[in-house]
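Me: Got a minute to walk me through this model? I'd like to start with the ligand and then move on to the packing.

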Amino acid sequence: TRIRPSSKRCAVIGGSGFLGRHLVEKLLEKGYTVTVFDIRQSYDLPGVAFHEGDLCDKQALLKALQDVSLVFHCASPAPASDDRALFQKVNVDGTRTVIQACQESGVQKLVLTSSASVVFEGSDIKDGKEDLPYAEKPIDYYTETKIQQEKLVLEACNKDKGFITVAIRPHGIFGPRDPQLVPILVDTARRGKMKFIIGDGSNLVDFTFVENVVHGHILAAEHLKPDSPLCGKAYHITNDEPVRF
Ligand code: NAD
């Protein structure tokens, strides 16, 4: 018989990234044992085991997931990339590989970082709830693959097999070490390219502070149990107030 690993042994796929690193730091603070799996190692932290590898490589994943009971999957190619083949390979085929590797190595819970854009059709959404359907015409190819990725993870949820899943859908994330959102905004403004306005200036956009996104992921992981309503569900995550933009 297999000895079940401690529920505090987790792996963060994409743990070298902006969100991933914040998640790793909070998990350590909360007493988890953390393994990072990423194609690059961007920092060193005592107590963290780093595995450099591509999530499309099942053998590499299997090595990293030994004795792990909880996996956070927050790896993705940069949304701004226009490499369609890469999005398909990593977000869709790679996520399928992650699910298989989790199941083969006895991982019990998988928490996916999805995106709020999976329900966005291009027109305003206010107070949108999780019962909104997936976008039929996603705004870009990145989002198209995030939808497929989320479906794969949620459909893999199977209490009888002892493998349960949940997805968290943040919109824009900001906070310390943000490599994209705020730096790109500031840079565009500095170059004098922010002189246009969409709408009458009262548009609201949902940004979430990275620590709130992390908190949402950990809450989801800790409340994900075979008999809980979270199983196989997606949850939007936001701050209290949207940001005027
Ligand atoms: P990031 O680019 O900082 O981190 C992504 C990490 O994934 C990187 O460290 C990268 O090396 C790793 N990665 C990419 N391809 C990989 C592969 N094939 N194998 C292993 N590792 C790989 O991005 P982030 O902002 O931290 O985003 C994390 C997650 O959150 C992503 O799934 C993204 O879709 C989602 N998300 C981000 C935002 C945002 O505003 N940043 C908003 C909504 C959703």
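What follows is a short chat about the ligand site, the nonpolar cores and two loop residues.

Me: Before we start, what kind of model is this?
Reply: The model is predicted, so local features need pLDDT of at least 70 and side-chain atom pairs count only at pLDDT 80 or more, while totals for chains, interfaces and linings use all residues. Residues are numbered from 1 along each chain as its sequence is written, and side-chain values use heavy atoms, with hydrogens and water left out.

Me: OK, how many residues surround the ligand?
Reply: There are 25 around the ligand, and the closest are Leu19, Asp38, Tyr142, Lys146 and His171. A residue counts as near if one of its heavy atoms lies within 4 Å of the molecule.

Me: Which elements supply at least two residues of that shell?
Reply: Those are α1 (18–29), α4 (141–155) and β7 (172–174). Helices (H or I, at least four residues) and strands (E, at least two) are DSSP runs, numbered from the N terminus.

Me: And what about a polar side-chain atom close to a ligand oxygen?
Reply: Aspartate 38 has a polar side-chain atom 2.6 Å from an oxygen atom of the ligand. The backbone joins in too: a polar backbone atom of leucine 19 is 2.8 Å from a ligand oxygen, and a backbone N or O atom of phenylalanine 18 also lies 2.8 Å from a ligand oxygen.

Me: How much of the ligand does the protein bury?
Reply: The protein buries 89% of the 830 Å² that the ligand exposes when taken alone. Those areas come from the Shrake-Rupley method with a 1.4 Å probe.

Me: Switching to packing. Which residues touch the most other members in the largest nonpolar core?
Reply: Val12, Leu23, Leu27 and Phe72 do, in a core of 31 residues. A nonpolar core is a set of buried Ala, Val, Leu, Ile, Met, Phe, Trp, Tyr and Cys residues joined through side-chain atoms within 4.5 Å; buried means under 20% relative accessible area, exposed over 50%, partly exposed in between (1.4 Å probe, protein chains only).

Me: Where does the largest share of this core come from?
Reply: From α6, with six residues.

Me: What does leucine 27 touch?
Reply: Leaving out residues up to four places away in sequence, leucine 27 touches Cys10, Val12, Tyr32, Val34, Phe72 and Ile218. Contact means heavy atoms within 4.5 Å.

Me: Last one: is aspartate 127 buried or exposed?
Reply: Aspartate 127 is exposed, with a relative accessible area of 63%. Aspartate 127 sits in the loop between β5 (109–113) and α4, and its phi is near 55°, a positive value in a residue other than glycine.

Key. Polar contact = N/O pair within 3.5 Å; in protein donor to acceptor, adjacent residues only side chain to side chain.
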